[in-house]
Amino acid sequence: DAVPLLAASLGLLRHRPTHVVFLFHLAEAQEQSGELDRARENYDYARKEFPGSSFGSHAHERLREIEH
């Protein structure tokens, strides 16, 4: 149930520092609800767009775990 709420909030935060936090949590929620393709896309986006952040690093780790 968190996926629609996080997805809606994400659009409002596009140019704010908290964007990566919501993006990561959206990907986690998608992963937990079985939406693995969408989770991969969002983890990958977080990894590429926020490489120096802890969430970018965590997204990279989650992405590797999903793919293996």
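## A walk through a four-helix chain

Ser54 has its place in helix H4, and this residue is a handy starting point for a tour of the predicted model. At 46% relative accessibility, Ser54 counts as partly exposed, because that value falls between the 20% and 50% cut-offs. If you look across from Ser54 to Val20, you span 34 residues in sequence, yet the two C-alpha atoms are 9.6 Å apart in space. Keep that pair in view while we step back to the whole chain.

The chain holds four helices and zero strands, so reading from the N terminus the order of elements is simply α-α-α-α. There are 68 residues, and 32% of them count as buried. Pairs such as Ser54 and Val20 invite a look at contacts across the sequence: among contacts between residues at least 6 apart, 37% join residues at least 24 apart.

Let us take the helix pairs in turn, beginning with H2 (residues 19-32) and H3 (residues 36-49). Their axes lie 8 Å apart and form an angle of about 155 degrees. H2 is therefore roughly antiparallel to H3, as the angle is over 145 degrees. The crossing of H2 past H3 is left-handed. On the H2 side, the residues that meet H3 are His19, Val20, Leu23, Phe24, Leu26, Ala27, Glu28, Gln30 and Glu31, while H3 contributes Leu36, Arg38, Ala39, Asn42, Tyr43, Tyr45 and Ala46. Sorted by class, this contact has 10 nonpolar, three polar and three charged residues.

Asn42 is a good residue to pause on here. It lies in helix H3, and its relative accessible area is 16%, so it counts as buried under the 20% cut-off. What does Asn42 touch, once its neighbours within four places in sequence are left aside? The partners are Leu23, Leu26, Ala27 and Gln30, and these four are listed among the H2 residues that meet H3.

Next comes H3 with H4. The two axes come within 8 Å and cross at roughly 145 degrees, and this crossing is left-handed. From H3, the residues in contact are Ala39, Arg40, Tyr43, Asp44, Ala46 and Arg47; from H4 they are Gly56, Ala59, His60, Arg62, Leu63, Ile66 and Glu67. By class, the contact of H3 with H4 divides into six nonpolar, two polar and five charged residues.

The remaining pair on this tour is H2 with H4. These helices pack at an angle of about 20 degrees, with their axes 10 Å apart. Because the angle is under 35 degrees, H2 is roughly parallel to H4. Here, too, the crossing is left-handed. H2 brings Val20, Val21, Phe24, His25 and Glu31 to the contact, and H4 brings Phe55, Gly56, His58, Ala59, Arg62 and Ile66. The tally by class is six nonpolar, three polar and two charged residues.

Two H2 residues from that contact deserve a closer look. Leaving aside neighbours within four places in sequence, Phe24 is in contact with Tyr43, Phe55, His58, Ala59 and Arg62. His25, which also lies in helix H2, is partly exposed, with a relative accessibility of 33%. Not counting residues up to four places away in sequence, His25 touches Leu6 and Phe55. Its C-alpha atom is separated by 9.4 Å from that of Tyr43, 18 residues away along the chain.

With the helix pairs in place, we can look at what they enclose. In soluble globular proteins, nonpolar side chains tend to be buried together. Which residues make up the largest nonpolar core here? They are Val20, Leu23, Phe24, Ala27, Ala39, Tyr43, Ala46, Ala59, Leu63 and Ile66, 10 residues in all. H2, H3 and helix H4 (54-67) each supply at least two residues of this core, and H2 gives the most, with four.

Several of these core residues will be familiar by now. Val20, the C-alpha partner of Ser54 in our opening pair, belongs to the core. Phe24 and Tyr43 are in contact with each other, and both are core members. Ala59 is another core residue; it appears in the contact of H3 with H4 and again in the contact of H2 with H4.

Technical notes: Residues are numbered from 1 along each chain as its sequence is written. This is a predicted model: local features need pLDDT of at least 70, side-chain atom pairs count only at pLDDT 80 or more; totals for chains, interfaces and linings use all residues. Side-chain values use heavy atoms; hydrogens and water are left out. Axes are lines fitted to C-alpha atoms, for helices over the stretch in contact, and angles run from 0 to 180 degrees between N-to-C directions. Angles under 35 degrees count as roughly parallel, over 145 as roughly antiparallel, 65 to 115 as roughly perpendicular and the rest as oblique. A crossing is left-handed if the near helix is turned anticlockwise from the far one by less than a right angle, and right-handed if clockwise. Contact means heavy atoms within 4.5 Å. Ala, Val, Leu, Ile, Met, Phe, Trp, Tyr, Cys and Pro count as nonpolar, Asp, Glu, Lys and Arg as charged, and the others, Gly among them, as polar. Buried means under 20% relative accessible area, exposed over 50%, partly exposed in between (1.4 Å probe, protein chains only). A nonpolar core is a set of buried Ala, Val, Leu, Ile, Met, Phe, Trp, Tyr and Cys residues joined through side-chain atoms within 4.5 Å.
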